[in-house]
Amino acid sequence: MNSDISTHMSNAGGGDMEIRLWEYIDGLSTASEKTVIESLIQTHLEWKHKYRELLEVHELMYASELEAPSMRFTKNVMEEITKYQIAPAAKTYIDKRVIWGIAIFFFTMIAGLLIYGFGQINWTSSDGSIDKYVSLDKIDYSKFFNNTYMNVFMMMNVILGLVLLDRWLASRRKKFSKEA
Amino acid sequence: MSTGPSDIEIISRVLKGEQQAYAELVKRYQNYVFTLTLRFIKSREDAEEVSQDIFVKAYRSLADFRGESKFSTWLYTIVNTTCITFLRKKRLNVQSLDNEKVFETVESQDSGLNANQVERKSRANMVNSSISMLSYDDSEILTLFYKAEQSLEEISQILGLEQNTVKVRLHRARQRLKTMMENSFNEEVRDIYN
């Protein structure tokens with residue numbers, strides 16, 4: 001098994017060799033791959049040279065330091081944050097009840113519109129049979145939006161929406177005044 | 001990256017109102033944030049200003065840190081968005097530094113050190129300068145892997161990529177870094193290899 005891997009690896013091109021060596025350096029190779037790579041490094045000059053090169057780059061990367069900002073950096077940040085307060089966590093001010101309220105509001109609106117719309121359609125044709133197809137060009141849209149019931153329904157929805165918004169704003173106001 | 005109290009302990013102290021404890025977090029991560037910012041924004045002055053802004057933003061939204069990931073991972077998302085916003089506003093030229101400028105920087109930083117320190121510093125400068133000449137994607141992944149010591153799994157979380165993709169990107173970035181060092185610092189690299 002190991003000899004198969006070894007033959008396959010020793011025939012590997014430059015790119016594949018590097019990938020395997022990087023994996024070996026990073027400690028990502030499996031135990032059997034590790035053994036094979038170690039023996040290839042010892043026996044093949046090309047593998048040995050490449051391994052040394054890559055290891056040098058790897059060590060250089062670890063040895064290089066992070067860039068440092070000016071000496072006053074921490075002080076500047078600490079001075080700056082005194083002007084601010086930690087904002088409450090997003091999940092605490094996004095109240096699930098508000099989201100459910102909005103969802104119910106829109107669902108009611110859509111369901112109401114559909115029920116009303118379907119209620120207005122005359123499903124039977126002049127000969128008494130039920131129409132199989134609805135001809136869109138025959139629908140009188142003005143009836144849907146120019147009717148007292150519809151206007152009242154829309155008005156109620158708007159009022160309901162405003163009430164919900166007001167309650168949400170009031171709860172936020174209360175929460176912030178408590179925190180202050 | 002850290003000694004003393006854990007990041008979570010410091011954060012909970014800050015959240016309880018001990019504002020000064022935040023200084024410890026800033027000290028711990030200032031180089032990490034500054035290095036990443038510098039990879040985005042090539043000017044040190046701007047990078048410092050943006051890094052400061054990043055820490056202020058992190059402070060203000062500290063309550064949102066749920067401890068599900070490392071603090072550095074969470075901080076990285078703020079680095080990313082703040083730098084992109086800054087660049088969008090300033091429309092800065094994010095092209096790589098020209099080699100001449102890189103060599104000037106390297107040479108100007110070597111005074112007042114002994115031979116060993118000079119060699120170490122010069123190698124560090126060589127690596128940093130080569131990284132700064134790479135594309136942002138390459139320098140970002142190298143910085144996260146080597147400087148921020150993030151695992152491949154953590155990097156895949158940060159960048160929203162598959163772990164295998166991260167592995168390939170890291171490999172390509174290292175390859176390009178190696179080529180960049182060999183081309184720009186030929187003699188030094190040959191010394192190291194020998």
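What follows is a conversation about a predicted model with chains A and B.

Visitor: How do you know how many helices and strands there are in chain A and in chain B?

Guide: The assignment gives chain A 9 helices and 0 strands, and along its sequence the elements run α-α-α-α-α-α-α-α-α. For chain B the secondary structure comes to 10 helices and 0 strands, with the pattern α-α-α-α-α-α-α-α-α-α from one end of the sequence to the other.

Visitor: What share of the residues of chain A counts as buried, and what share of those of chain B?

Guide: A residue counts as buried when its relative accessible area is under 20%. By that test 24% of the 180 residues of chain A are buried, while for the 194 residues of chain B the figure is 47%. The accessible surface of chain A comes to about 13,200 Å², with 62% of it belonging to carbon and sulfur atoms, and that of chain B comes to about 9,900 Å², with 44% belonging to carbon and sulfur atoms.

Visitor: Why is Trp74(B) called buried?

Guide: Trp74(B), whose place is in helix H4 (residues 71-90) of chain B, has a relative accessible area of 15%. The cut-off for a buried residue is under 20%, and Trp74(B) is therefore buried. Not counting residues up to four places away in sequence, Trp74(B) touches Ala58(B), Ser61(B), Leu62(B), Asp64(B), Phe65(B) and Ser69(B). Of the pair Trp74(B) and Leu62(B), one can add that they are 12 residues apart in sequence and 9.9 Å apart in space, C-alpha to C-alpha.

Visitor: And what makes Gln52(B) buried?

Guide: The relative accessible area of Gln52(B), a residue of helix H3 of chain B, is 18%. Set against the limit of under 20%, that value makes Gln52(B) buried. Once its neighbours within four places in sequence are left aside, Gln52(B) is in contact with Phe73(A), Asn76(A) and Val77(A). These three belong to the buried residues of helix H5 (residues 73-81) of chain A, which are Phe73(A), Thr74(A), Asn76(A), Val77(A), Met78(A) and Ile81(A). The buried residues of H5(A) pack against helix H2 (22-40) and helix H3 (44-60) of chain B.

Visitor: Which residues have the most contacts inside the largest nonpolar core?

Guide: That core has 72 residues, and those with the most contacts inside it are Tyr22(B), Tyr32(B), Phe55(B), Phe71(B), Leu75(B) and Leu142(B). Beyond its neighbours within four places in sequence, Phe55(B) is in contact with Phe73(A) and Val77(A) of chain A, and with Tyr22(B), Leu25(B), Val26(B), Tyr29(B), Gln30(B), Val33(B) and Leu75(B) of chain B.

Visitor: Why are H4(A) and H9(B) described with the term they are given?

Guide: The axes of helix H4 (residues 45-63) of chain A and helix H9 (residues 163-184) of chain B come within 11 Å and cross at roughly 90 degrees. Angles of 65 to 115 degrees count as roughly perpendicular, and H4(A) and H9(B) are therefore roughly perpendicular to each other. The contact is made by Lys50(A), Glu53(A), Leu54(A), Val57(A), His58(A), Leu60(A) and Met61(A) of H4(A), together with Arg174(B), Leu177(B), Lys178(B), Met181(B) and Glu182(B) of H9(B).

Visitor: What angle do H4(A) and H7(B) make, and what is the pair called?

Guide: H4(A) and H7(B) pack at an angle of about 75 degrees, their axes being 9 Å apart. As the range for roughly perpendicular is 65 to 115 degrees, H4(A) and H7(B) are therefore roughly perpendicular to each other. On the side of H4(A) the contact is made by His58(A), Met61(A) and Tyr62(A), and on the side of H7(B) by Leu142(B), Phe145(B), Tyr146(B) and Lys147(B).

Visitor: What makes H7(B) oblique to H8(B)?

Guide: Helix H7 (residues 136-147) and helix H8 (residues 152-159) of chain B pack at an angle of about 135 degrees, with axes 10 Å apart. Roughly perpendicular ends at 115 degrees and roughly antiparallel needs over 145, so H7(B) is oblique to H8(B). Their crossing is right-handed. The contact is made by Glu140(B), Ile141(B), Leu144(B) and Phe145(B) of H7(B) and by Leu152(B), Ile155(B), Ile158(B) and Leu159(B) of H8(B).

Visitor: Which residues of H8(B) are buried, and what covers them?

Guide: The buried residues of H8(B) are Leu152(B), Glu154(B), Ile155(B), Ser156(B) and Ile158(B), and what covers them includes H4, H7 and H9 of chain B. After H8(B) comes Gly160(B), whose phi is positive, near 65 degrees.

How values were computed
Residues numbered from 1 in each chain as written. Chains lettered and ligands numbered in written order. Predicted model: local features only at pLDDT ≥ 70, side-chain atom pairs only at ≥ 80, totals over all residues. Heavy atoms only, no water. Helix = DSSP H or I, 4+ residues; strand = E, 2+ residues; numbered from the N terminus. Buried < 20%, exposed > 50% of the residue type's maximum accessible area, 1.4 Å probe, protein only. Areas by Shrake-Rupley, 256 points an atom, 1.4 Å probe, with all protein chains shown as cover. Core = buried A, V, L, I, M, F, W, Y, C linked by side-chain atoms within 4.5 Å. Contact = heavy atoms within 4.5 Å. Axes fitted to C-alpha atoms, helices over the stretch in contact; angles between N-to-C directions. Parallel < 35°, antiparallel > 145°, perpendicular 65-115°, else oblique. Left-handed = near helix turned anticlockwise from the far one by under 90°.
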